[in-house]
Amino acid sequence: MTSDTSAPVRTVEIANVAKRYGAVEAVRDVSLAVQAGECVALVGHNGAGKTTLMKLMLGLIRPSAGRIHVLGADPAERDAEARRRIGFLPENVAFNPALTGREILRFYARLKGEPKSEVARLLGVVGLSDAADRRVGTWSKGMRQRLGIAQALLARPALMLLDEPTSGLDPALRGNLYGLMRNLARDGTTVLVSTHALSELEGVADRVVILDRGKVLANGSLGELRQLARLPIRVRVKVAERAATPAWLREEGLPFNGHHYDLVCSPDAKMALLRRAAANDGAIDDIEVAAPTLDELYAHFLERGSAR
Amino acid sequence: MRSLLAIAGKELTEAVRNRWVVAATLLLGALALSLTLLGSTPTGTVGVNALDVVIVSLSSLGILLLPLIALLISHDALVGEVERGTMLLLLAYPVTRRQIVLGKFLGHMVVLAIATLVGFGAAGVAVVFTGADVDRQSWEAFGAMIGSSLLLGGAFVAIGYCTSALARSRAAAAAVAICLWLLFVVVYDLALLGVLVADQGAHIGSGVLETVLLFNPTDAYRLLNLTGFANVSLFSGMAGLGGTVALGSGVLLAALVGWILLPLGLATALFARREL
């Protein structure tokens, strides 16, 4: 481990970066810093600029304005050592269907100067050992996606860029992938993952960056974003007897399904409401509290972004 | 260098898997053998010059086929990977774009080398088996023919990369490649002939003609093989031209090599500028 005195290492530093394609502004004035061991999710619609940001970090395209530092180098300079330590899984990863999985992974391993033993190990990690000697053309989409993950893991990357990694994966494999991402981050790898499945990120991403039309709308942990959004909390209470419903509940609540009442309150007023409900001894059977879902949070920030 | 060889090796494996190697070798071999066996019928009584006749027929065949094969395997080398989505991942690796172009070139040259050596070599073997007495000079001419065939193929592989680096889609690259084949193999010589006939020798001297011929790799190849060796030029009916064309083998070889290096450099520059 690094000594405690050293400041956290910034693996990615993006300052006021813009990228224009003709008249189209794919990325507008984006600033973002990510530290080693952080798992950051880039969330946004298609065309929000997630893939463009990744291409900029890989040095495949040059920014129209601003500057980028990745692993201490300008990615556009294509420094071979910095590049060796970046793992990348493109959206809709493709391989030549005429080659076998082992041949493909061995090719990428040779480009990163990794030994054959790593190829066999990584094929095992993603559970492709048995299929490795069949042509990739005969594989399912999920298997190709797993081969894509295997090649991204070559050479133990310090920075992992995953562009929509869960597309085509079944729920069990998604769980595996999220576990893998957590393990990588724990071992000091910076993980940047783009997705539009925000609801799956709870417990996975340390930080969420919401992008819309090339701009950063929000940047923070899920807890911070919830506080920032101040979305109302829904409380559903169940009364024992309809006739015995307290007067305040009749007044403020919305009756639902006979014995239920729905209440909406701001995050600050939540505890006061819960105390009031609990105080009505005997009259109320049950209390359900629903925090805003991640999708609601996402919708909120998008709405706020388009209103500005 | 390691990356270059890795890319060349992958290109070769893919060509073997996609049956390109087998198809090109069989095509060249079958035509070479049939030309040899049928072609020796009229000269069977002469015997001595059997291989020279083979050289004349094979190089005439090579002018048509080698550029076609080379363009077919090279036109989608870059745009094909861009379109399939494999280029994005490859460029994320520690390889330069120049290494990608050169690696692919190396791999495709090995494919062409296998096809010409085995395909045309079969003709040489067949001549030996017919029991013809072949002198040393003819073998030299035969070796030079195979070597220059490889250079001709290389020139068109490099030209194919230029279209591949420029084209927006594989279909566009294929269309341009076919047009280039027509231009270099058919149209160029026809146009030249037309101009010469119209000119009646008034303005265009042999010096200008020589220079113009160097601007087409297929003409450089033709001159190299049909006039380079005395016996061969006799059979090719090019003895007259061979006498008047003062271009030495060295100049013609340099022209062919230039036709590899310049398009290859251009393709690299075009590919380097391309944004993905």
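**Exercise 1. State which domains chain A is assigned and how far apart their centres lie.**

Solution. The domain assignment of chain A in this predicted model gives domain 1, covering 10–227, and domain 2, covering 232–291. Turning then to the positions of the two, the C-alpha centres of domain 1 and domain 2 of chain A are separated by 45 Å.

**Exercise 2. Decide how far helix 5 of chain A is enclosed, and name what its buried residues pack against.**

Solution. Begin with the extent of the helix: helix 5 of chain A runs over residues 141–152, has 12 residues, and reaches 17 Å from its first C-alpha to its last, which is close to the 16 Å expected at 1.5 Å a residue. Next, consider burial, for which the cut-off is 20 or more other C-beta atoms within 10 Å of a residue's own. Because 9 of the 12 residues of helix 5 of chain A are buried, this helix is largely enclosed by the rest of the structure. The buried residues include Arg144(A), Arg146(A), Leu147(A) and Ile149(A). Finally, the buried residues of helix 5 pack against strand 5, helix 3, helix 4 (116–125), strand 6 (159–163) and helix 6 (171–186) of chain A.

**Exercise 3. Compare the span of helix 10 of chain A with its expected span, then find its buried residues and what covers them.**

Solution. Helix 10 of chain A has 14 residues (294–307), which at 1.5 Å a residue should span 20 Å, and since its end C-alpha atoms are 20 Å apart, the two values agree. Within helix 10 of chain A, the buried residues are Leu297(A), Tyr298(A), His300(A), Phe301(A) and Leu302(A). The elements of chain A that cover them include strand 3 (39–43), strand 8 (207–212), strand 9 (215–220) and helix 7 (222–229).

**Exercise 4. Identify the residues with the most contacts inside the largest nonpolar core, and follow the contacts of Val209(A).**

Solution. The largest nonpolar core has 156 residues, and those with the most contacts inside it are Leu161(A), Val209(A) and Tyr161(B). If neighbours within four places in sequence are left aside, Val209(A) is in contact with Leu32(A), Val40(A), Ala41(A), Leu42(A), Val43(A), Val216(A) and Asn219(A). A second, separate core has 7 residues, among them Val237(A), Val239(A), Leu273(A) and Ile284(A).

**Exercise 5. Describe the side of chain A that touches chain B.**

Solution. The contact draws on 24 residues from chain A and 21 residues from chain B. On the side of chain A that touches chain B, helix 2 (80–84), strand 5 (86–89) and helix 3 (101–111) each supply at least two residues, and helix 3 of chain A gives the most, with 5 residues. Sorted by kind, the residues on this side of chain A are 15 nonpolar, 3 polar and 6 charged.

**Exercise 6. Characterise chain B, and determine whether Arg98(B) is buried, partly exposed or exposed.**

Solution. Chain B contains 13 helices and 0 strands. Of its 276 residues, 46% are buried, and among contacts in chain B between residues at least 6 apart in sequence, 84% join residues at least 24 apart. Arg98(B) is found in helix 6 of chain B, residues 97–129. With 16 other C-beta atoms within 10 Å, Arg98(B) is partly exposed. The C-alpha atoms of Arg98(B) and Ala272(B) are separated by 7.7 Å, although these residues are 174 apart along the chain.

As for confidence, the mean pLDDT of chain B is 87, with 89% of its residues reaching 70 or more, while the model scores ipTM 0.87 and pTM 0.86.

Key
Residues numbered from 1 in each chain as written. Chains lettered and ligands numbered in written order. Predicted model: local features only at pLDDT ≥ 70, side-chain atom pairs only at ≥ 80, totals over all residues. Contact = placed C-beta atoms within 7 Å. Helix = DSSP H or I, 4+ residues; strand = E, 2+ residues; numbered from the N terminus. Nonpolar A, V, L, I, M, F, W, Y, C, P; charged D, E, K, R; others polar. Expected span 1.5 Å × (residues − 1). pLDDT = per-residue confidence, 0-100. Core = buried A, V, L, I, M, F, W, Y, C linked by C-beta atoms within 7 Å. Domains from an automatic or database assignment.
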